Amino acid sequence: MRLQLEPAKPASALRDILHTAALALLLVPGAAKAADTDPTDRIDFTTLLYGEQSRTQIFEPVVRFTHLMSDGQWVSGQLGIDVITGSSPTGALPSGIVQTRTSASGRTITSPAGQIPMAPFKDRRVSLDGQWQRPWGRLVSSTLGGHFSREKDYQSFGVDGKFSTDLMHRLLNITIGGGVSRDSVFPVGGTPAGLSAGTIIHTGSNAKNVSNVLLGASRILSRVWMVSVNGTRTFESGYLTEPYKLITVENRVTGAPVSSLTDKRPSTRDRSSVLLSSVYHLTDDVVYTSYRYYWDTWNVRSHTIDLKYRRVLDADTYVEPLLRYYQQSSASFYTVGLIQGAPLPEYGTSDYRLGKLRTITVGGTFGFRAGDVPGSFTVRGQYMRQAGDGSPPNAIGIQRNFDLSPSISIFSAVVGYTFDY
Amino acid sequence: MIRTARQIGRAMAGLILLLLAGCATVQPWDRDILAEKKMSFNPSPMLQAIDDHIYFSKEASMGGIDAGGGGCGCN
Amino acid sequence: MIDREKLHDLMPLRRVFFLVLFLIGSSQSLFAARARDHAIAPDFTLPTTSVPFSLADYRGKVVLVDFWASWCIPCRQSFPWMGSMIERYSAQGLVIVAINLDKKREAADEFLQTFHPPFIVAFDPAGKTAEAFHVDAMPSSFIVSRTGAIVYSHQGFERAKANTVEDQIKEALSR
């Protein structure tokens, strides 16, 4: 389902066929050989530039090749590289004085007074992914895929499959699919025991298994309107803890940090989501709306609303502003800190991403062709603002003076280029 | 948990029923607009994949048109 | 991996799925109407690039009635094939009329400039003919016998299946 990128030239049959295959809703996916002059290959190139204010920076180029075969099958392969630098919050609480601690990898980390402690990191991730889609007659198609990715302390290998069929005179499309992934986590400096002072229990890798199923239905409601419902369920088991995150143990009266303990999360997590989407065509413009409800066995619940408006300027050019709102409740074992002397909970994390959180994203995409240059371009800019609960009711002592979850501003830019040949 | 799942399952069943029951019909030759590339739930899959990756690493949720989102140590 | 208990959690989704299958199964019959093979083809008169085309004028010929639109991809692929059919069989009495169903004539004209079809192209922006033939997919083609009966119909276009249609044309021409 990743095959269409650009508004393309009216004469591009490849684009049309890929579109059909991807949409699997309207026309005939069992398309035969295109006219001899029509392109059969496509190259997609995108580059992401991502920056969090004084935190993480990411540079991620991705290239994808797609080949369309004469009987309507297509195969694609993708290579991506992420280069990540910067720092992320350790999860520990700020204190009135400068904090110094030694990271798992042996580096000394200093955190200024009153600010949340951060840990620097640097990583490179390489990912490979392939897909093969084949039509089975006019109404049915199957897609098989596989991926492999590796970074300094994480590896993922997985396969997935999908089966899609058009029904009710192609007014309805049903998709069922699933996938499994075998991941390994091998923390730098070894795996620390959960909720410990950082005692390394082993230096090998930890298994993490992920499997998921999806069921989707999309329906044409009118000449200009279609809607869909998608349900997904994901089962994770194994090592789901963040080895580098910390929880502060604080003085029960003053709230001053006394020590810190490692993160510890349950070894299973079942995640579910239901997504409702609508695509509505005005005179030329298109309105995309979606709502997602998500829930999991860690007790996180979230709502996501996504709005996009594509203003079509001409056959090759569009401007598409976007707005996204996201809100989540905290995981049941999330805590801002642990109190010195109190019994330890079974699980605990201070990772802000498992706390109460809100994200607002605004941005816009510009799609165009550049004169006689073949292919089409996309440029997108986005601004994200994330805010947690900076003054939770259970903050004690000096912690009430600090912003425990400072808002984060994130900028991202994506440049995309698609070329059929 | 299981109860919530059942409720959601039922809600989904209801929605799918609604989708099926809608007597709206669009003749095959009237699908010119629907055949346009922009008339897709995911017209820019590569941009969408980048977004999913960003949100997966910054938030606790996952799931959408494709169930994917994993495959990285970013969360 | 999915263990038993998790499968149990999946039950609602599964139930929804079977419900959907059931509903689809039972609703298919509601949509089964299609121009029946061996029924008399509905007559029509439509404008073309030259003189209007009336099906009734072609009794005694075998007519391939094809429905297409410029935005339909397989239609694009069927044009060269139809071209070769008319070249091969017009002497034996084959006539092809490709009925365009685009709302806007410009879209059809642009398409025709690329293909220059050697057969008749008629225009029906309102889709009345398509309705009369109960067209169920784009493209759709119908073989109308020398006596005016629909002897074969085909939905979509696939190179691999084109030979079957050609056999049917030959069969109709031999009668």
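These are my notebook entries on strands, helices and backbone angles looked up in a predicted model.

**Ground rules.** I number residues from 1 along each chain as its sequence is written, and chains are lettered from A and ligands numbered from 1 in the order in which they are written. Since the model is predicted, local features need pLDDT of at least 70 and side-chain atom pairs count only at pLDDT 80 or more, while totals for chains, interfaces and linings use all residues. Helices (H or I, at least four residues) and strands (E, at least two) are DSSP runs numbered from the N terminus, and I call two strands paired if DSSP finds at least two bridges between them.

**Entry 1, the sheet in chain C.** I looked up the strand order and found an open sheet of five strands, S5-S4-S3-S6-S7, with mixed pairing. S5 (120-123) and S7 (150-155) of chain C stand at the edges, each with a single partner strand, so one side of each is left without a neighbour in the sheet. Ignoring direction, neighbouring strands are turned by 20° against each other on average; the axes behind such angles are lines fitted to C-alpha atoms, for helices over the stretch in contact, and angles run from 0 to 180 degrees between N-to-C directions.

At one edge, S4 (residues 94-100) of chain C runs parallel to S5(C), and four bridges join them. Here I noted that C:Ile99 has C:Ala122 as its bridge partner in S5(C), and that C:Ala98 stands opposite C:Val121 in S5(C). The chain crosses from S4(C) to S5(C) through helix H3 (residues 105-115) of chain C, in a β-α-β crossover that is right-handed (with the strands pointing away from the viewer, the path from the first strand over the helix to the second runs clockwise).

At the other edge, S6(C) and S7(C) run antiparallel and are joined by five bridges, with C:Phe142 bridged to C:Ser153 in S7(C). The two strands form a hairpin with five residues between them, and C:Gly148 in the turn has a positive phi of about 90°.

**Entry 2, the helices of chain C.** H5(C) lies across S3 (62-68), S4, S6 (140-144) and S7 of chain C, running at about 145° to S3(C). I then took H5 (residues 159-173) together with H2 (residues 73-89) of chain C, whose axes come within 12 Å and cross at roughly 30°. The two helices are therefore roughly parallel to each other (angles under 35 degrees count as such, over 145 as roughly antiparallel, 65 to 115 as roughly perpendicular and the rest as oblique).

Which residues of H2(C) and H5(C) meet? On the H2(C) side I found C:Trp81, C:Met85 and C:Tyr89, and on the H5(C) side C:Ala162, C:Glu166, C:Ile169 and C:Leu173, where contact requires C-beta atoms, placed from the backbone, to lie within 7 Å.

**Entry 3, a cis peptide in chain C.** The peptide bond from C:Met138 to C:Pro139 is cis, with omega near -10°. I placed C:Pro139 in the loop between helix H4 (128-132) and S6 of chain C. As background, most residues other than glycine have a negative phi, and most peptide bonds are trans.

**Entry 4, hairpins and a turn in chain A.** I followed S17 (residues 286-296) into S18 (residues 301-314) of chain A, an antiparallel pair joined by 10 bridges, in which A:Val286 is bridged to A:Arg310. Four residues separate the strands of this hairpin, and A:Asn299 in the turn has a positive phi of about 75°. S18(A) also pairs in the antiparallel sense with S19 (residues 317-328) of chain A over 10 bridges, where A:Arg311 has A:Val319 as its partner, and a hairpin joins S18(A) to S19(A) through two residues.

Elsewhere in chain A, A:Met168 has a positive phi of about 50° although it is not a glycine, and this residue lies in the loop between S8 (154-167) and S9 (172-185) of chain A.

**Entry 5, a three-stranded sheet in chain A.** I found an open sheet in the order S15-S14-S20, with mixed pairing. Its edge strands are S15 (257-262) and S20 (338-339) of chain A, each pairing on one side only. S14 (residues 246-250) of chain A runs parallel to S20(A) with two bridges, and A:Glu250 has A:Ile339 as its bridge partner there.
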